[in-house]
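Colleague: I'm new to this one. Could you show me the structure and take my questions as they come?

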Amino acid sequence: MKDKKIVGIIAAAVGGVLLLLVAVLLLDFFIPGGNGHTHDFKELLSYDNEKHILACKCGKKEEAEHEYGEGEVLTEATCQKGGTDKYVCKLCPNFKLENTDKTDEHSYDEGICLYCKDIVPTDEMYFEFTLLEDGTYSVAQKKVSLYPRNIRIPESYKGKPVTAISESGFEDNSRIYSVYIPDSLKEIGYSAFYECVNLEYIRIGENVKSIPRFAFGACRNLKEIIMPDTLESIEAYAFSNCLILYKVDLPSSLNFIGHSAFANCKQLETMDMSDTKLTTFEESAFYACIRLQTVVLPETVTFIGTKAFSECTSLEQANIPTALQYLGDSAFENCKKLESKIVLPDTISYLGKRAFASCTNLAEVTLPSNIVVMQENIFRNCSSLVIPVLPETLVEIHYGVFYNCYKMPEYLPVSLKSIGNYAFYDVENAGDVKYDGTTSDFMSVELGISVFSDTDTVIVCTDGEIEAGKNSDAAIG
Ligand SMILES: [Zn+2]
Ligand SMILES: [Zn+2]
Ligand SMILES: [Zn+2]
């Protein structure tokens with residue numbers, strides 16, 4: 001009995017050991033990589049955008065896709081544009097970026113969205129409403145001691161639309177920082193925001209056709225203005241003396257810029273108006289915009305008024321529209337840096353006095369091929385100008401037209417009947433000028449005083465020469 005028991009115990013023990021061995025072997029077989037240890041892939045060998053390769057201490061390598069963790073916000077999504085989230089792999093430094101959609105939420109601060117400048121409705125207590133004949137309302141500020149910084153003009157009042165801002169409605173309000181004008185509004189009154197000295201930003205609704213006289217004049221902190229695609233005219237002084245207004249996108253519907261509309265906007269740098277329907281720039285429209293460097297005018301322009309761009313002392317590039325009819329007096333006077341090649345089209349019926357006077361960098365000009373009269377001082381003190389070909393239609397050159405220019409023309413046309421005082425005075429490179437007529441033809445041209453003085457001009461006629469520079473007074477008629 002005892003032996004049997006012992007044998008049974010031994011058999012059970014052996015069986016147990018065998019079972020254990022089998023189990024261990026089986027386990028060893030099924031554990032991944034089981035070679036007596038469990039692999040621990042910790043050492044990073046390499047990675048690229050798709051995968052990383054890790055190694056165990058035993059030298060076994062494993063290639064695997066990245067395991068990205070929770071994303072972190074790299075750039076916040078706003079109401080204006082989507083953001084970016086960054087996902088970093090838990091096992092290697094590789095990361096991926098994913099764009100996020102823009103949000104429906106605005107980020108308001110003091111009632112204005114930091115991103116799209118939407119403004120929350122302003123309490124009616126800050127406005128005065130006037131019932132108009134057509135049953136709609138016009139709005140103005142109510143005088144209260146602490147006016148809100150950001151205001152949204154209400155779209156309606158007592159169930160009726162608000163369609164206008166009263167004349168001088170918000171004039172002289174030094175509290176306002178930004179204004180949102182809704183699309184219900186059709187008319188802005190004369191001088192509506194004149195001298196709102198802290199006004200920086202304005203959004204004008206999509207139904208406004210005209211910005212009236214003085215509307216935003218002397219808003220000396222105005223930086224940005226969103227103009228509607230319905231706008232047709234910007235009237236006199238509308239933005240004059242907006243000292244830091246630096247960028248203006250004029251809508252394609254615009255056809256008129258009034259007297260001094262942007263005069264003295266000292267920070268304007270570029271005015272690309274090529275997409276507009278502009279026909280008219282009234283007097284002094286961009287007078288003394290001293291930082292303005294580039295002006296692109298659309299081909300629709302027919303009228304450039306007196307002093308329209310004069311004293312734009314940084315202006316380097318400007319074009320003359322090919323259908324231009326009127327170029328006012330002093331239109332580009334004292335644009336010292338103007339260096340564009342100026343081509344004056346045959347459509348011009350008036351080329352103003354001093355139009356390009358003191359454009360000291362201007363070197364190349366083409367005159368209208370049908371020009372008859374040159375008004376006084378058109379190119380006076382254009383000290384880089386090579387005097388252009390004078391067309392055979394030219395009859396009168398008035399006082400000082402080419403005074404102190406750089407180089408005499410090759411020919412004087414025989415069509416000339418009179419040349420005014422100082423017309424070619426002090427031209428730096430004088431010398432011979434051909435004249436396709438006789439000396440007596442030339443002597444019959446009515447010459448003013450000192451027409452060629454201070455130059456070595458010799459008029460080479462078909463039958464002899466006249467030393468016009470040395471003795472131009474004596475050449476008088
Ligand atoms: Zn291993
Ligand atoms: Zn990875
Ligand atoms: Zn917003």
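**A hairpin to start with**

Modeller: Let's begin with two strands: S5 (residues 84-88) and S6 (residues 95-99) run antiparallel and are joined by five bridges. Strands here are DSSP runs of E with at least two residues, helices are runs of H or I with at least four, and both are numbered from the N terminus. Two strands pair if DSSP finds at least two bridges between them. This is a predicted model, where local features need pLDDT of at least 70, side-chain atom pairs count only at pLDDT 80 or more, and totals for chains, interfaces and linings use all residues. Residues are numbered from 1 along each chain as its sequence is written, while chains are lettered from A and ligands numbered from 1 in the order in which they are written.

Colleague: Which residue in S6 is the bridge partner of Tyr87?

Modeller: A hairpin of six residues links S5 to S6. Across the pair, the partner of Tyr87 is Lys96.

Colleague: How many helices and strands are there in the protein chain?

Modeller: Counting those DSSP runs along the protein chain gives two helices and 37 strands.  Some of the strands form an open sheet with parallel pairing, and its order is S30-S31-S33-S35. So the tally to remember, with runs defined as above, is two helices and 37 strands.

Colleague: Which are the edge strands of that open sheet?

Modeller: Inside the sheet, S33 (residues 418-419) and S35 pair in the parallel sense over two bridges, with Ser418 partnered by Glu446. An edge strand pairs on one side only, and that picks out S30 (373-374) and S35 (446-447).

Colleague: What radius of gyration does the protein chain have?

Modeller: The C-alpha trace spans about 165 × 70 × 30 Å along its principal axes. The radius is taken over C-alpha atoms, and the globule rule is 2.2 Å times the number of residues to the power 0.38. For 477 residues a compact globule would come out near 23 Å, but the protein chain has 40 Å.

Colleague: Which strand gives the largest share of the largest nonpolar core?

Modeller: A nonpolar core is a set of buried Ala, Val, Leu, Ile, Met, Phe, Trp, Tyr and Cys residues joined through C-beta atoms within 7 Å. Buried means 20 or more other C-beta atoms within 10 Å of a residue's own, with C-beta atoms placed from the backbone. The largest core has 118 residues, and Ala238, Phe286 and Phe309 have the most contacts inside it. Several strands each supply at least two residues, including S10 (137-141) and S13 (160-165), but the largest share, three residues, comes from S13.

Key
Buried ≥ 20, exposed ≤ 12 C-beta atoms within 10 Å, placed from the backbone.
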